[in-house]
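Me: Hey, I've just opened this one and don't know my way around yet. Can you walk me through a few spots?
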Amino acid sequence: MTSRHRSSETSAPSSAARTGARTPSRRTVVKAAAAGAVLAAPLAAALPAGAAGAAPAFLHGVASGDPLPDGVLLWTRVTPVPEAVPGSGTGPDTEVNWVVATDRDFTNVVAKGSVTATAASDHTVKADVRGLAPATDYWFRFSAGPTDSPAARTRTAPAADAAVAGLRFGVVSCANWEAGHFSSYRHLAARGDLDAWLHLGDYIYEYGSGEYGTRDTVVRPHAPAHEILTLADYRVRHGRYKTDPDLQALHATAPVVAIWDDHEIANDTWSGGAENHTEGAWTARQAAAKQAYFEWMPVRPAIAGTTYRRLRFGKLADLSLLDLRTFRSQQVSLGDGKVDDPERTLTGRAQMDWLKSGLASSDTTWRLVGNSVMISPFAIGSIPAELLKPLAELLGLPKEGLALNTDQWDGYTDDRRELLAHLRANGVRNTVFLTGDIHMAWANDVPHNAATYPLSASAATEFVVTSVTSDNLDDIVKVPEGTVSAVAAPVIRAANRHVHWVDTDRHGYGVLDVTAERTQMDFYVVSDRTDPGATSKWARSYRTRSGTQRVERVYSPV
């Protein structure tokens, strides 16, 4: 980040803030934040750059992320002059002030400072605020000249040694702008009960207009219209996403914890290239995509150029976040015998050692792993011929329909064996993988040996969330929702005894609720991804009870 901190003042949090206690009015206050964001964001998004006038404008919302017990990362983007649109590389240096308070009216300010927004960082700014109280709601906003940004709510993590009764996270993945509206974000924002929300990858998509997953109908066009390749392109695409009112609303109600998958860069990204990269130097494109990502996302990279890091939420849970694109070997074709090659890697040696060490040494009740591609093994089984080709398309399989997805952990089986063997050898329990990417919802045990399961033990469990809007099977086949799942789901489960549930057809989000006794994922679906006013309903729930390493169905959401 090229912006620099110019000054910072911090005062001690109030006694109420020090306690970290949730007041009875917290839910009401957070819902008010959501409502305010929902109303304010469409006005900002509807304004063309020229409508900003001479005064600076905050057209892309505000956000927070990566909560710590004593701090949080704040983000915004200022448009200092009308022509300083994302990716333009123009516009003057602009002082942006930030302020954090314990109340929405900002009568009890606990921290403030300023950052300089420059064209070198696309006029995005971040403030890594420290000195806050743990497990506490805060309000923040930015200002530039006479203009204030919308006010937003964030929340710090519990103290590292705190006995935490419960945590609740929204969980999302795979949001294709052109395929529909982001109603899942709106419904999560309206809940008013999230400690944070997890984005497990494919926050943006890199394709040109009409090139990917829209049932042949572009609901709303990308900007730019072409496939993004340059730093300016990636900045423009991020800027377009950040005008979405539902996304702005969610960013304004809770901190995000995000990792990237492939589409933040290019389809099926690996360390040296990507499936759809044919123009120019890969290193230049990768560097541009990563620079834009860190400019436009409230993410605090633990290691420069990656998204793997670990956050702790008291004694209840820690969250290991993976980067499964930067270090991976190239995907291989099935049938060439290389999926088991120990010289190939998904994580890279350093990240694997970091993950194993963290899981083994963790003293929390739960070990959550933010995982961008499915770790559970998957065999296709005897799926009917008419569904085999679209399933292969969705999973990135050869069209002849062999039984693995080599872009997932299935394509890097030596890494998976090493990790699962480490869990067994060290008696590591209560590991839950939280996954996106596959555009379907799953509830899985993660077996040591899928061929002998359930006789072999389960090493962990996995909850996979479906896509916000990106195509799933019914979209590819172009049939009514539920048609494909009725046929495919039983066949998938029959061939994969560790899979408790799979929904191949619907779009939505998850809500993860964590207590000392169990971790539960409530799966929600939206009525129509193309409807900006889509409704939401609960679909299914599964939990892992402490000490079991197995998934079981629950018949109501938390």
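Reply: Sure, and keep in mind that this is a predicted model. Let's start with helix α11, where V484, S485, A488, A489, V491 and I492 are buried.

Me: Where does α11 have a kink?
Reply: The kink is at A489, shortly before the proline P490, and comes to about 25 degrees. The helix itself covers residues 483-495.

Me: Switching topic: where is T515?
Reply: T515 sits in the loop between β20 (508-514) and β21 (518-526).

Me: Does T515 count as buried or exposed?
Reply: Buried, because its relative accessibility is 15% and the cut-off for buried is under 20%.

Me: And which residues does T515 touch?
Reply: Leaving out residues up to four places away in sequence, T515 touches A165, L316 and W366.

Me: OK, what about empty space? How much is in the largest cavity?
Reply: About 50 Å³. Two elements, β19 (499-503) and β21, give two or more residues to the lining of that cavity.

Me: Which one gives the most?
Reply: β21, with three residues. The full lining is A441, V465, T466, W501, D503, R506, Y509, F523, Y524 and V525. By class, that makes seven nonpolar, one polar and two charged residues.

Me: How much space is in the second largest pocket?
Reply: About 410 Å³. It has 22 lining residues, and P377, R416, N449, A450 and A451 are the closest to its centre.

Me: Which helix gives the most to that pocket's lining?
Reply: Helix α9 (residues 413-425), with five residues. Sorted by class, the second largest pocket is lined by 12 nonpolar, five polar and five charged residues.

Conventions:
Residues numbered from 1 in each chain as written. Predicted model: local features only at pLDDT ≥ 70, side-chain atom pairs only at ≥ 80, totals over all residues. Heavy atoms only, no water. Bend = angle between axes of the 7 residues up to and from the residue. Helix = DSSP H or I, 4+ residues; strand = E, 2+ residues; numbered from the N terminus. Buried < 20%, exposed > 50% of the residue type's maximum accessible area, 1.4 Å probe, protein only. Contact = heavy atoms within 4.5 Å. 1 Å grid on protein atoms, 1.4 Å probe; cavity = no way out; pocket = protein on both sides within 12 Å on 5 of 7 lines; lining within 4 Å. Points joined across faces, edges and corners; volume = space filled by probe spheres on them. Nonpolar A, V, L, I, M, F, W, Y, C, P; charged D, E, K, R; others polar.
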